[in-house]
Amino acid sequence: MTSQRAIRCSVIRGGTSKGLYFHAADLPADRATRDAVLLAAMGAPDVREIDGMGGGHPLTSKVAVISRSERDDVDVDYLFLQVWPDRAEVSDSQNCGNLLAGVGPFAIEEGLVEADDGVTSVRIWMLNTDSAAVARVETPDRQVRYDGDAHIDGVPGGHAPIPIEFLDVAGSTCGALLPTGNVVDEIEGVRVTCIDNGMPVVCLNAHDVGLSGYESPSEIEANAHVRELVERIRLEAGRRMNLGNVANATVPKMSLLAPAQHGGVVTTRTFIPHRVHDAIGVFGAVSVATACLIPGSVAFEVAGLSTPTSHASLDIEHPSGYFSVTLDVTAEEGEVVVNQAALLRTARLLMRGDVFVPRRVWESS
């Protein structure tokens with residue numbers, strides 16, 4: 001008997017991330033065994049992930065687990081798992097909107113959803129946050145199209161557009177859009193806005209932690225004082241956001257904001273939570289954009305918006321470009337309601353086949 005076990009999977013670039021996409025039925029049902037198998041598949045823990053498929057960075061060490069849904073109102077279920085390169089941990093505590101972009105193409109390619117001739121709408125239930133999204137995939141002649149003219153910053157070249165609309169993701173992790181009950185809180189002497197519109201995020205003015213907000217990710221990561229201050233704020237914010245002790249959690253994300261430089265609404269530098277993102281996550285961008293439309297929030301103030309706007313397409317600037325989010329937000333008499341959140345992503349199937357893990361990992365965990 002061979003010493004390795006083959007597991008079918010696809011490697012897909014979704015948005016500005018890359019990961020392994022599996023059928024749920026092809027992975028162990030037991031969580032501990034599943035996590036051990038995924039660590040072995042990625043080659044973690046190892047900062048280079050040299051003995052696996054991971055790319056040595058949180059953005060390229062991700063997993064999507066897909067299955068046909070038993071729910072009547074959606075087509076497939078999607079579970080996102082973050083495999084950490086530097087420790088033996090697989091986390092399901094957050095969602096990933098980048099890998100979400102590859103779920104529609106995967107579901108069609110793997111026969112979980114029948115393709116229409118033209119555009120196929122794939123209804124997706126996001127298990128991490130118990131919320132739904134609809135991805136619209138171009139399928140001329142009932143085949144997934146990957147080439148096209150759509151461009152997203154952080155990804156070279158053009159690809160077929162995948163518009164994604166999120167359905168009722170506000171408060172999906174923390175229980176409320178503004179989980180502390182306040183538009184602004186003060187933590188460690190710094191004014192912050194805690195928000196959850198698909199991703200728990202803490203928005204703060206970069207100037208308040210001693211930065212301009214235009215530093216590179218590596219410059220910020222090299223600043224021990226800023227890292228330590230941001231982490232103290234994160235730990236307390238997590239408690240106030242109904243997330244409990246977040247010392248070992250991937251949320252909330254910390255987004256340092258500065259006035260836009262290139263025509264957007266704000267510039268961001270985002271901790272994810274200890275590395276600084278080279279761009280910004282999908283749901284992180286949605287949450288920041290939502291905060292920009294809430295009068296009195298830190299994001300609203302940094303953006304310099306003098307007049308509240310309900311419906312807008314906002315460009316959220318980040319280190320490698322910008323991220324466009326379309327929102328319809330109503331803020332009246334202290335109550336904020338998100339009516340719609342949508343964005344544009346792209347994806348590309350890179351490889352399909354088997355990933356191999358040591359048989360002993362599957363059998364002994």
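Helices, of type H or I with at least four residues, and strands, of type E with at least two, are DSSP runs numbered from the N terminus. By that count, this predicted model contains seven helices and 18 strands.

**Overall form**

The C-alpha trace of the protein spans about 65 × 45 × 35 Å along its principal axes. A compact globule of 365 residues would have a radius of gyration near 21 Å, and the 20 Å found for the protein agrees with this. Buried residues account for 55% of the 365 residues. Of the contacts with a separation of 6 or more, 63% join residues 24 or more positions apart. The accessible surface amounts to about 14800 Å², and carbon and sulfur atoms contribute 45% of that surface. The protein carries 29 positive and 48 negative side chains, with the centres of the two sets 6 Å apart.

**Helix α2 and its contact with G14**

Helix α2 covers residues 97–109 and bends by about 25° at V103. A proline, P105, follows the bend within four residues. The helix is mostly covered, with 12 of its 13 residues buried; among them are G97, N98, V103, P105 and F106. Just after α2, G111 adopts a positive phi of about 80°.

G14, in strand β1 (residues 4–14), touches several residues of the chain, including N98, L99, A101 and G102, each of which is buried in α2. G14 also touches Y21, T346 and A347. Because the relative accessible area of G14 is 0%, this residue is buried. The C-alpha atoms of G14 and V119 are 18 Å apart, and the two residues are separated by 105 residues along the chain.

**Backbone exceptions in loops**

Most residues other than glycine have a negative phi, and most peptide bonds are trans. The following residues depart from that pattern.

| Residue | Backbone feature | Loop |
|---|---|---|
| D141 | positive phi of about 55° | between β7 (131–139) and β8 (147–150) |
| D168 | positive phi of about 60° | between β9 (162–167) and β10 (185–187) |
| P252 | cis bond from V251, omega near 0° | between α4 (224–240) and β13 (253–259) |
| P273 | cis bond from I272, omega near 0° | between β14 (266–271) and α5 (282–292) |

Neither D141 nor D168 is a glycine. D141 counts as exposed because its relative accessibility is 63%, and D168 is exposed with a relative accessible area of 70%; the cut-off for exposed is over 50%.

How values were computed:
Residues are numbered from 1 along each chain as its sequence is written. Side-chain values use heavy atoms; hydrogens and water are left out. The bend at a residue is the angle between axes fitted to the seven residues ending there and the seven starting there. Buried means under 20% relative accessible area, exposed over 50%, partly exposed in between (1.4 Å probe, protein chains only). The radius of gyration is taken over C-alpha atoms; the globule rule is 2.2 Å times the number of residues to the power 0.38. Contact means heavy atoms within 4.5 Å. Accessible areas come from the Shrake-Rupley method with a 1.4 Å probe; for residues, only the protein chains shown count as cover. Lys and Arg count as positive and Asp and Glu as negative; His and the chain ends are not counted. The place of a charge is taken as NZ of Lys, CZ of Arg, CG of Asp or CD of Glu. Lists of a residue's contacts leave out its neighbours within four places in sequence.
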